[in-house]
Amino acid sequence: MTNFDTVIGLEIHVALLTESKFLCSCKTSFGAPPNSQCCPVCLGLPGTLPLINEKAVEYGAKAGLALGCEIHYFSRFDRKNYFYPDLPKAYQITQDAFPLCTNGFLEYYVDDQLFRTEITRIHLEEEAGKLIHSGQSIVDSEYSLVDYNRAGIPLIEIVTAPDIHHPKQARLFLEQLRLLMRYIGVSDTKMEEGSLRCDANISLKPKGSSVLGTKVEIKNLNSFRALERALEYEELRQSQVLSGGGVVRQESRTWDERAGKTMSMRSKGDAPDYRIFPEPDLPPLNLDPVWVELIAANVPELPLARLRRLERDYGLSRYDATFLVNYPEFCELFFQVAERGLGYEDVVNFLMGDYARLAREKGHLSAERISELLTLVDEGTISQGQAKEVLSSLFSSGLSPREIVQERGLEVVDDPGRLEPVIREVLAANPDLVRRLQDGETKLYSFFVGQVMRATQGKADPEVVHKLLRGELGK
Amino acid sequence: MIDRQDVIRMARLARLELSEAEIDQYQQDLAGFVSSGRKLQQVDVSAVEGTSHAVVVTHELRKDEVAESLPQDLVLSTGPDVSDGFFRVPRIVEEQE
């Protein structure tokens, strides 16, 4: 790889989270029986006319605003003509010459270094239907099945400049982009359901050269891992072709997850010629600048700004802050609990620990419950170990942490007057072991600690136990 | 100019099957369109703003509201080959060499 620079550009399709489709009123929900959410408009039957969903335009503009784009009050729809089984009209309504948004950027971290990738454009378009191939992939399928429920769902296509240079960087860009889309609530961005999809263009050029090489488009990247792996594979394949004096063919390739490689997917018939022209069935969009201002006012704090705030105002480490940024629900809880005067780091550690696992299974606790529990530990009423016990019962019982502590008689026993008799009893019950310990069999010490803890149902303060036990044994 | 090959190519892109006589006919018709276009190109439009749509309309947006779709069996009745609720289509890409 050392002789080449890698150049990667991404095209990301994001399905917008509207109730109804882009140009008709069919439902957009995932998982319905095939071809049950279709109407004459999205099936492309003759004589139908599309009508634009206002929410889709709003979400498109919101995505553009969150990505620092220029929002064009005037934008236009175009008709992109091609035959493909997932496209019922044999054309896609998209925006070609006058897209809704241009000239944005996204910043993201790669190994603690901040990168910035330019967003060339964002445009609105309609989704195609879903194909299910009979074989392992499109390449070896004798036939395919088509579900048009997806056809006509509103999409934005986000196009980056070709300024990504490593497969890992591409993955981290996409992860950050997904997080941003979730923050602004325009998409559920589930790669496994296809509501976030990514095609990648990749080419190699001699190191330092300013002339771009021939690019290859990779499709069928269904996960972040697939994106990174496919790019790594293609980087290697192209460098081998070029090093061997060969020529990279400009083509589309599909990623085969099972085989771990990209495969050529030459389509039947002619090279694509989309004969794009202005969409006669839709007037151009003329957005009211005030409406766009209102959308801008509704863009919430974005992931990178939040990361910086958590580091700066709460003194959190990059690691802790990243956890909170990546899991907004946890972050909300953090803010609410932190407000109640608890140590910021203690709160994050708590949220990242057993709590995270339990909350994912059973849903979140209220900030009130969490701060009460942390306060009990903080003031020394219960130990860390007891806190775990209280935590797991908090998820099932309606009691507050304090009530659970009372009900179970949980508390830390650190009064020597209460612990001394227990320790003497334990020692008296095992005279043999005491002698062996005093003869140098030191590993028996922990046995006695264990016995004391057991006799006190785990309530004894370990530090006090150590102190008293050593005293007794030294006698 | 529009030659026969242009017509054949356009027909193929639009999945149209044309007879020899139709190819000749379209060649003439399309050549006529192109020369009309040439004439229009001579008009000075430097002071005129571009038109995006034949009719002057402000965009009409609809609210994001769901309406009923067609029943599945009716949808499927529009295709020649169906299977388990899906439309079934033949091989999409060429076999690997």
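Okay, let's start at a pair of strands in chain B: β2(B) and β3(B) are joined by 2 bridges and run antiparallel. In that pairing, Ser83(B) sits opposite Phe86(B) of β3(B). Before I go on, please keep in mind that this is a predicted model.

So what is the order of the strands in the open sheet that holds this pair? There are 4 strands, and the order reads β9(A)-β10(A)-β3(B)-β2(B), with antiparallel pairing. In other words, strands of chain A and strands of chain B sit in one sheet. The edges are β9 of chain A, residues 130-133, and β2 of chain B, residues 82-83, and each of these pairs on one side only. As a reminder, strands of a sheet pair through backbone hydrogen bonds, either parallel or antiparallel.

Now, the junction between the chains. Strand β10 of chain A, residues 143-147, is joined to β3(B) by 4 bridges, and the two run antiparallel. If you want a residue to click on, take Leu145(A): its bridge partner in β3(B) is Arg88(B).

Let's widen the view to the whole contact between the chains. Here 35 residues of chain B are in contact with 47 residues of chain A. Which elements of chain B each supply at least two residues of the side that touches chain A? Those are α1 (4-13), β1 (61-62), α3 (72-76) and β3 (86-90). The one that gives the most is β3(B), with 5 residues. If you sort that side of chain B by class, you get 15 nonpolar, 10 polar and 10 charged residues.

A quick word on chain B as a whole. It has 3 helices and 3 strands, and from the N terminus on they run α-α-β-α-β-β. How much of chain B counts as buried? The figure is 7% of its 97 residues.

Over to chain A, then. This one has 16 helices and 17 strands, and buried residues make up 37% of its 475 residues. Chain A is divided into domain 1 (4-296), domain 2 (303-408) and domain 3 (416-474). The centres of domain 2 and domain 3 of chain A, taken over C-alpha atoms, are separated by 34 Å.

On overall dimensions, the C-alpha trace of chain A spans about 95 × 55 × 45 Å along its principal axes. The radius of gyration of chain A is 31 Å, whereas a compact globule of 475 residues would have one near 23 Å. And for anyone who thinks in contact maps: of the contacts in chain A between residues at least 6 apart in sequence, 69% join residues at least 24 apart.

Last stop, one helix: α10 of chain A, residues 367-378. Why does its length agree with expectation? Because at 1.5 Å a residue its 12 residues should span 16 Å, and the end C-alpha atoms of α10(A) are indeed 16 Å apart. The buried residues of α10(A) are Ile370(A), Ser371(A), Glu372(A), Leu373(A), Leu374(A) and Leu376(A), so do notice that Ser371(A) and Glu372(A) are on that list. What covers them includes α7 (328-338), α8 (344-352), α11 (384-394) and α12 (401-408) of chain A. After α10(A) comes Gly380(A), with a positive phi near 80°.

That's my tour, thanks.

Note on methods: Residues numbered from 1 in each chain as written. Chains lettered and ligands numbered in written order. Predicted model: local features only at pLDDT ≥ 70, side-chain atom pairs only at ≥ 80, totals over all residues. Contact = placed C-beta atoms within 7 Å. Nonpolar A, V, L, I, M, F, W, Y, C, P; charged D, E, K, R; others polar. Pairing = 2+ DSSP bridges. Domains from an automatic or database assignment. Buried ≥ 20, exposed ≤ 12 C-beta atoms within 10 Å, placed from the backbone. Rg over C-alpha atoms; globule rule 2.2 N^0.38 Å. Expected span 1.5 Å × (residues − 1).
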